[in-house]
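Biologist: I should like a close look at the aromatic residues and the nonpolar core of this chain. Please describe them in one connected account, suited to a student in the first year of study.

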Amino acid sequence: MKWLRERMPEKKILPHVRRLILSVICLFIWLPLLLMAGNSFLSRGEMLSRFGPVLNGGTGAVKVTLFPDFPTLSPFVELLLDSPGFFVMFWNSCLQTGAVLLGQMLVAVPAAWAFAMYSFPGKKVLFMGYIILMILPFQVLMTPDYFVLNQMHILDTHLAVILPGIFSTFPVFIMTQFFSSIPPSLLEAARLDGAGEGAVFFRIGIPMGFPGIMSAGILGFLESWNAIEAPMAFLKNRTLWPLSLYLPDITADKVSVAWVASVAAMAPPLFLFLAGQSFLEQGIMVSGIKE
């Protein structure tokens with residue numbers, strides 16, 4: 001260690017130590033994902049030989065490896081060709097998530113612009129109510145949501161999941177922080193040049209707040225795609241269930257399919273997260289430093 005300190009000053013050692021620590025942490029985070037991806041190629045026989053003690057309730061050690069000894073595509077064939085229920089739930093997830101995101105853009109963007117740019121009576125109280133609703137868990141809101149949806153006669157329909165998601169308060173909070181960071185002098189200059197409120201919103205607000213809109217959209221997608229409580233509470237018809245409820249319904253004799261279904265369910269949010277990582281970072285920074 002003394003020789004290392006002599007050859008490399010402390011200022012040069014610390015970055016390497018940080019990288020090493022972060023690499024180890026990342027390895028532990030990615031290990032379950034790599035294990036899931038590798039086990040999706042397991043045959044039924046190899047699956048039983050490795051996880052038999054857990055699946056059959058017996059005794060013995062579980063053999064965990066990242067890659068199978070004899071990889072096969074049979075679980076993919078079984079899921080993609082012989083499991084019509086998977087596709088029904090997959091498209092249910094696409095429909096529900098897409099409708100929620102579209103509705104949030106139509107509702108939350110104008111609401112966030114109003115909170116950021118205009119002063120009106122009760123603004124602070126109303127925004128505080130938004131924050132309170134944002135931090136409340138679903139279990140607290142489940143009963144009033146159920147009664148409201150029942151009165152609207154939309155229980156056990158796609159709208160029972162879509163409407164509460166559209167009026168989520170979290171996208172409003174995120175986008176308000178971005179719109180608030182727009183310099184007021186820029187907006188005043190646009191108004192002096194003859195731009196109306198609509199032109200200011202569409203030509204200045206949306207382009208400059210685009211990172212916030214994308215950040216809210218990505219987080220909204222992740223929340224809707226992985227939703228479990230709301231579909232279970234508001235949807236009794238299994239043909240309306242999203243993909244998030246497909247995995248718990250897989251029986252032990254089809255556990256190899258569960259690995260493949262997990263990969264398929266994880267792929268869209270993973271790609272979206274990687275593509276929009278920069279927007280998420282900006283959203284976290286702005287929401288953390290703005291009041």
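Modeller: One aromatic cluster is formed by F86, F87, F90, W91, F221 and W225. The model discussed here is a predicted one. Two members of the cluster, F221 and W225, appear among the buried residues of helix 12. That list also includes P211, G212, I213, S215, A216, G217, I218 and G220. Residues three or four places apart in an α-helix point the same way, because the helix has 3.6 residues a turn. The length of helix 12 can be checked as well: its 16 residues, at 1.5 Å a residue, should span 22 Å, and the distance of 22 Å between its end C-alpha atoms agrees with this.

Aromatic rings also meet elsewhere, and the structure holds 16 aromatic pairs. Such a pair is described by the distance of the ring centres and the angle of the planes. One of the pairs joins F41 and F76, with 5.1 Å from centre to centre and 40° between the planes, and is tilted. F41 lies in the loop between helix 2 (10–39) and helix 3 (44–55), while F76 belongs to helix 4 (residues 74–82), so this pair ties together parts that are 35 residues apart in sequence. F41 itself is partly exposed, at a relative accessible area of 30%. The rings of Y146 and F147 form a pair as well; their centres are 6.4 Å apart and their planes stand at 80°, so this pair is edge-to-face. Y146 is partly exposed, with a relative accessible area of 35%, whereas F147 counts as exposed at 52% relative accessibility.

The nonpolar core comes next. The largest such core has 21 residues, and those with the most contacts inside it are V109, W113, V172, M175, F179, I182 and L187. Two or more residues are given to this core by each of helix 5 (84–117), helix 9 (170–180), helix 10 (184–192), helix 11 (197–208) and helix 12 (210–225). The most comes from helix 5, which gives seven residues.

W113 offers a useful point from which to view these surroundings. When its neighbours within four places in sequence are left aside, W113 is in contact with Y118, F179, I182, L187, V200, F201 and G205. Of these partners, G205 deserves separate attention. G205 lies in helix 11 and is buried, with a relative accessible area of 0%. Leaving aside its neighbours within four places in sequence, G205 is in contact with W113, F179, I182 and V200. Between the C-alpha atoms of G205 and L187 the separation is 8.7 Å, and these residues are 18 residues apart along the chain.

Another core, of 18 residues, lies apart from the largest one and includes L245, Y246, A261 and A265. A further buried residue to examine is S262, which lies in helix 14 (residues 255–275). S262 counts as buried because its relative accessibility is 16%, and the cut-off for a buried residue is under 20%. Leaving aside neighbours within four places in sequence, S262 is in contact with M36 and L247.

The loop between helix 7 (138–151) and helix 8 provides a contrast in setting. H153 is found in this loop, and D156 is found there too. Phi of H153 is near 60°, a positive value in a residue other than glycine. Phi of D156 is likewise positive, near 65°, again in a residue other than glycine. H153 is exposed, with a relative accessible area of 69%, while D156 counts as partly exposed at 30% relative accessibility.

These details may be placed in the chain as a whole. The chain has 15 helices and zero strands. Buried residues make up 35% of its 291 residues. Among contacts with a separation of 6 or more, 73% are between residues 24 or more positions apart. The chain exposes about 17,500 Å², of which carbon and sulfur atoms supply 70%.

Finally, the confidence of the prediction should be kept in view. The chain averages a pLDDT of 82, and 86% of the residues score at least 70. Among the elements of the chain, the lowest mean pLDDT, 51, belongs to helix 1 (residues 2–7), and the highest, 92, to helix 8 (residues 159–166).

Notes: Residues are numbered from 1 along each chain as its sequence is written. This is a predicted model: local features need pLDDT of at least 70, side-chain atom pairs count only at pLDDT 80 or more; totals for chains, interfaces and linings use all residues. Side-chain values use heavy atoms; hydrogens and water are left out. Rings of Phe, Tyr and Trp (its six-membered ring) pair if their centres lie within 6.5 Å; planes under 30 degrees apart count as stacked, over 60 as edge-to-face and the rest as tilted. Helices (H or I, at least four residues) and strands (E, at least two) are DSSP runs, numbered from the N terminus. Buried means under 20% relative accessible area, exposed over 50%, partly exposed in between (1.4 Å probe, protein chains only). A nonpolar core is a set of buried Ala, Val, Leu, Ile, Met, Phe, Trp, Tyr and Cys residues joined through side-chain atoms within 4.5 Å. Contact means heavy atoms within 4.5 Å. pLDDT is the predictor's confidence in each residue, from 0 to 100. The expected span of a helix is 1.5 Å times one less than its number of residues. Accessible areas come from the Shrake-Rupley method with a 1.4 Å probe; for residues, only the protein chains shown count as cover.
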